[in-house]
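Me: I am new to this structure and should be grateful for a close look at a single part of it. Please describe that part in one connected account, and then place it beside whatever else deserves attention.

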Amino acid sequence: MKKFIVAGNWKMNKTSQEADAFLKSLLEKLKPKAARELLLFPSFLSLPTFQSALAKSFVQYGGQNCYFANMGAFTGEVSPTMLKAVGATHCLVGHSERRTLFGETNLDTAKKIQALQETGLTPVLCVGETESERTNNTTLAVIEKQLIEGLSQSDFSKPLILAYEPVWAIGTGKVATAENIREVHAFIHQFCEQKYKIQLPILYGGSVNAKNCRELEAVEYVNGFLIGGASLDPESLLTIYGG
Ligand code: PGA
């Protein structure tokens, strides 16, 4: 049975001291569940805190971004090798904030996925349409392009996760309807089966919280969540994880 993945994206929140306090309170109550995985994406600076606090835990963690070279003159960047060295197992790629605020392109996401897979880390490729793309009925075309270009260097024999995050639902409190989500997840699922002959886990992200998570979890082809705001509080993360 495939596990349901509960992933928290902390974005630019929490110092390493705050991360430490969060993990202490999370671990006091957290009990592993056979059918669920828990994964957190803190700031780079909190990764060493995660490494020591989670040494004996089943909770996995990763970077929110990386560069596609493993070393060199790339001021301000962090490589997959550096992430691996602090025990990271995953890395987000192409989050909509990276795309819109920092100009990350589909080509960049393709190179990052390749570098991460070569280093033995699992990329989580984020795709999703803006509000105007949805209004113009180009949602599926936008996502198809993000997938074709973003996955162009991927090795499908290695682990890879996708996350559908409608940009208009991120941090806005506007949750996509179950039907919106089902339509896009089914599209991504079928696209990957037909084009790559593979079934990849597809997370949903965008204003997931402790109140709406059970309803969203029941949507067909939703294999997990990528949670921003609601992952910052241990109690709400525990509720979404299910214990
Ligand atoms: P949100 O963020 O849950 O705060 O909407 C989701 C994300 O950006 O991954």
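Reply: The buried residues of helix α10 are Pro234, Ser236, Leu237, Leu238, Ile240 and Tyr241. The model is a predicted one, and the burial described here was computed from it. The helix spans residues 234-241, and because 6 of its 8 residues are buried, it is largely enclosed by the rest of the structure. Buried here means a relative accessible area under 20%.

What, then, covers the buried residues of α10? The cover includes three strands, β1 (4-9), β2 (36-41) and β8 (224-227). It also includes two helices, α1 (16-29) and α9 (213-217). After α10 comes Gly242, which has a positive phi, near 110°.

The ligand site may be described next. Around the ligand there are 13 residues, of which Lys11, His95, Glu165, Gly171 and Ser207 come nearest. Three of these place polar side-chain atoms beside oxygen atoms of the ligand. For Lys11 the separation is 2.7 Å. For His95, an N or O atom of the side chain is 2.6 Å from a ligand oxygen, and a polar side-chain atom of Glu165 likewise lies 2.6 Å from an oxygen atom of the ligand. The ligand exposes 280 Å² when taken alone, and the protein buries 95% of that area. As to composition, the shell around the ligand comprises 7 polar, 4 nonpolar and 2 charged residues.

Definitions and conventions: Residues are numbered from 1 along each chain as its sequence is written. This is a predicted model: local features need pLDDT of at least 70, side-chain atom pairs count only at pLDDT 80 or more; totals for chains, interfaces and linings use all residues. Side-chain values use heavy atoms; hydrogens and water are left out. A residue is near a molecule or strand if one of its heavy atoms lies within 4 Å of it. A polar contact is a pair of N or O atoms within 3.5 Å; within protein, one must be able to donate a hydrogen and the other to accept it, and residues adjacent in sequence count only if both atoms are side-chain atoms. Accessible areas come from the Shrake-Rupley method with a 1.4 Å probe; for residues, only the protein chains shown count as cover. Ala, Val, Leu, Ile, Met, Phe, Trp, Tyr, Cys and Pro count as nonpolar, Asp, Glu, Lys and Arg as charged, and the others, Gly among them, as polar. Buried means under 20% relative accessible area, exposed over 50%, partly exposed in between (1.4 Å probe, protein chains only). Helices (H or I, at least four residues) and strands (E, at least two) are DSSP runs, numbered from the N terminus. Contact means heavy atoms within 4.5 Å.
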